[in-house]
Amino acid sequence: MTVVEKILARASGRSAVRAGDVVEPAVDLAMSHENAALVVNQFTEVFKGTGLKPKIWDPSKIAIIFDHRVPAESPKTASNQKKVREFVAEHGIARFHDIRGDEGGICHQILPENGYVRPGAVVVGTDSHTTSHGALDAFSFGIGATEMASVWSLGVALNVEVPQTIKVEVSGPFAPAVGPKDLILHLVGLLTAEGANFRVIEFHGETIRMMSTSGRLVLCNMSVEAGATSGVVPGDDETVRYLREVAGVADPVPLVTPDPDADYERVIKIDASSLVPQIACPHTVDNVKPIGAVLGTKVHQIVIGSCTNGRLDDIAAAARILRGKKVARGTRMLVFPASSRIYQQALDEGYIGDLMRAGAVVMNSGCGPCLGVHEGALGDGEVALSTTNRNFKGRMGNPNSEVYLCSPEVAAASALTGVITDPRKGA
Amino acid sequence: MAQVISKLGDDVSTDVIYPGRHMATVLPTETPQFAFADNAELNGKLKSKQVPPGSVIVAGKNFGCGSSREQACSCLKGYELTIVARGFARIFLQNSINLGLRLVTVPDIEASEGDELEVTADRVLNKTTGKSFAAVPLPKARQAIVDAGGLIAYTRKRVLGAAGKA
């Protein structure tokens with residue numbers, strides 16, 4: 001069995017499952033962000049007319065993290081957040097991360113860094129980038145708000161069809177200034193935006209084994225941009241190291257690894273050492289080109305952050321490139337650390353100072369301009385170069401603008417020049 | 001009989017169907033006004049009250065890719081549209097089944113704006129061109145939810161069953 005088949009077998013009380021089987025796995029963690037406001041609404045609907053009091057199956061397995069619009073940008077958002085806060089208090093949900101500078105941040109960073117995700121777990125989230133948590137050897141996938149209301153009521157994910165798995169084997173070291181973001185952009189370009197629809201991507205190979213959990217989160221995060229139900233990295237020493245050293249997990253961490261004879265739909269081999277920096281061009285994530293094709297494109301806004309690339313190593317990479325230099329006039333640079341913890345670490349390391357002295361604006365942790373709901377909107381005809389995950393038309397709030405996606409190294413190097421710039425030139 | 005009110009291409013994302021800046025609006029009764037909000041022509045047509053229930057949007061592959069936002073389904077459900085596409089992204093497909101938005105997967109569909117279609121579970125007949133196209137059935141795992149009348153009704157039945165009140 002593959003990793004996900006093993007997880008689904010365990011969670012459904014079966015000895016084995018295979019792709020195509022329909023199962024009802026018990027859910028170990030159910031995550032929502034501000035859209036918990038809609039989940040609360042649908043959850044209440046489920047119990048309407050039943051004569052039963054709305055009851056969550058297990059409040060200790062629910063996590064709610066405010067990140068999409070923090071602090072609230074409108075009375076409507078503030079009222080949604082207020083409604084969720086009241087629900088959290090009423091139902092005793094402990095894993096609640098409000099708008100705070102000590103424990104807040106983006107859901108896909110809060111879950112791993114607090115040890116909420118464990119190897120072998122079934123994780124569902126009302127966010128498409130819930131695929132991220134496969135980086136910790138879990139089966140983690142996005143669902144809608146009504147489906148989450150069903151999970152809150154029953155504690156299982158209903159009618160899950162065991163997905164086929166695509167095995168991706170990556171070998172070789174990355175060239176300098178090339179990394180996990182370039183690898184996943186390359187893979188999404190290869191698979192296309194629907195190439196992994198209804199499938200899982202399982203990552204293997206020496207490059208993955210050598211990669212930190214931070215990098216693995218980038219891969220699994222953007223697996224959904226090829227349509228994948230989830231990305232997953234089989235557990236290893238690095239998984240245990242991250243859970244112990246970063247997430248503070250003290251209890252045993254049994255890992256799930258695939259059987260040697262696991263059945264894969266297809267196998268894709270990638271030589272990481274041959275990769276150059278990759279850019280996803282407007283307006284689809286699979287419109288991926290090597291950086292040479294777009295060098296010199298004028299950029300009005302640089303964004304470093306999001307659940308994809310807002311972690312400490314991303315901020316460090318940007319700080320190293322910008323230290324002692326200046327963001328080009330005519331280009332603005334916005335930085336969003338993925339969590340308050342990362343923000344504090346970046347402060348302690350001096351990275352925030354480096355970035356601010358270079359001219360970057362460092363914002364509070366959250367989703368920021370990634371999905372165009374909150375701040376950092378683009379003007380008509382403007383171009384953004386961003387370490388985020390989507391470049392759909394209108395994604396940053398303006399359908400008359402363009403978004404290019406890249407690694408933190410490309411974003412930082414381009415901030416200095418105001419045009420898309422190859423970070424290897426200065427490396 | 002149903003008329004095609006719009007023909008769209010491949011990879012229509014949830015950001016196009018329901019732009020992120022309207023995501024603070026969550027209730028299905030309020031989301032339809034923002035359907036295709038950045039496409040003035042289509043948004044205007046939908047809000048004109050000239051689009052009868054059952055009207056069709058035809059699209060290419062991977063319709064509904066991107067975000068899990070359920071508003072992208074509820075805003076179309078509000079007009080009782082049918083979406084005929086060459087393919088749908090997973091979360092959008094599941095959300096639509098859960099909310100009762102009618103989706104029909106037709107890998108070879110050929111239709112233009114203004115065409116009259118006859119849509120059944122297993123095929124789509126384009127009455128304007130006279131061509132018929134086979135539809136792909138829903139994933140078997142989801143049919144039970146359609147049969148129950150949506151996920152809320154399905155879950156309610158399970159909750160009552162667990163409480164011994166079914």
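## Helices α6 and α8 of chain A

α6(A) and α8(A) are roughly parallel to each other, a term for angles under 35 degrees (over 145 counts as roughly antiparallel, 65 to 115 as roughly perpendicular and the rest as oblique). Helix α6 spans residues 180-191 of chain A and helix α8 spans residues 213-223 of chain A; they pack at an angle of about 20°, with their axes 9 Å apart. Axes are lines fitted to C-alpha atoms, for helices over the stretch in contact, and angles run from 0 to 180 degrees between N-to-C directions. Helices (H or I, at least four residues) and strands (E, at least two) are DSSP runs, numbered from the N terminus.

The crossing of α6(A) past α8(A) is right-handed, meaning that the near helix is turned clockwise from the far one by less than a right angle (anticlockwise would be left-handed). From α6(A), the contact is made by A:Pro180, A:Lys181, A:Leu183, A:Ile184 and A:Val188, and from α8(A) by A:Gly215, A:Val218, A:Leu219 and A:Met222. Two residues are in contact if their C-beta atoms, placed from the backbone, lie within 7 Å. By class, the residues of this contact are seven nonpolar, one polar and one charged. Ala, Val, Leu, Ile, Met, Phe, Trp, Tyr, Cys and Pro count as nonpolar, Asp, Glu, Lys and Arg as charged, and the others, Gly among them, as polar.

## Basis of the model

This is a predicted model, in which local features need pLDDT of at least 70 and side-chain atom pairs count only at pLDDT 80 or more, while totals for chains, interfaces and linings use all residues. Residues are numbered from 1 along each chain as its sequence is written, and chains are lettered from A and ligands numbered from 1 in the order in which they are written.

## Sheet of chain A

The open sheet of chain A has five strands in the order β4-β3-β2-β5-β6, with parallel pairing. Two strands pair if DSSP finds at least two bridges between them. β4 (95-97) and β6 (139-142) of chain A are the edge strands, each pairing on one side only. On average, neighbouring strands of this sheet are turned by 15° against each other, direction ignored.

Strand β5 (residues 122-125) of chain A pairs with β6(A) over four bridges in the parallel sense; A:Val124 stands opposite A:Phe141 in β6(A). Helix α5 (residues 145-154) of chain A lies across β2 (29-32), β3 (62-65) and β5 of chain A, and runs at about 140° to β2(A).

## Helix α14 of chain A

Nine of the 10 residues of helix α14 (residues 408-417) of chain A are buried, that is, 20 or more other C-beta atoms lie within 10 Å of their own (exposed: 12 or fewer; partly exposed: in between; C-beta atoms placed from the backbone). The buried residues of α14(A) pack against β14 (301-305), α10 (306-309), α11 (312-322), β15 (332-336) and β17 (383-386) of chain A. After α14(A) comes A:Gly418, with a positive phi near 80°.

## Sheet of chain B

Chain B has an open sheet of seven strands in the order β4-β3-β2-β1-β5-β6-β7, with mixed pairing. Its edge strands are β4 (102-105) and β7 (131-134) of chain B. Strands β1 (residues 2-7) and β2 (residues 56-59) of chain B run parallel and are joined by three bridges; B:Val4 stands opposite B:Val56 in β2(B).

## Contact between the chains

The contact takes 48 residues from chain A and 41 residues from chain B. On the chain B side, α6(B) gives the most, with seven residues. That side has 19 nonpolar, 11 polar and 11 charged residues.
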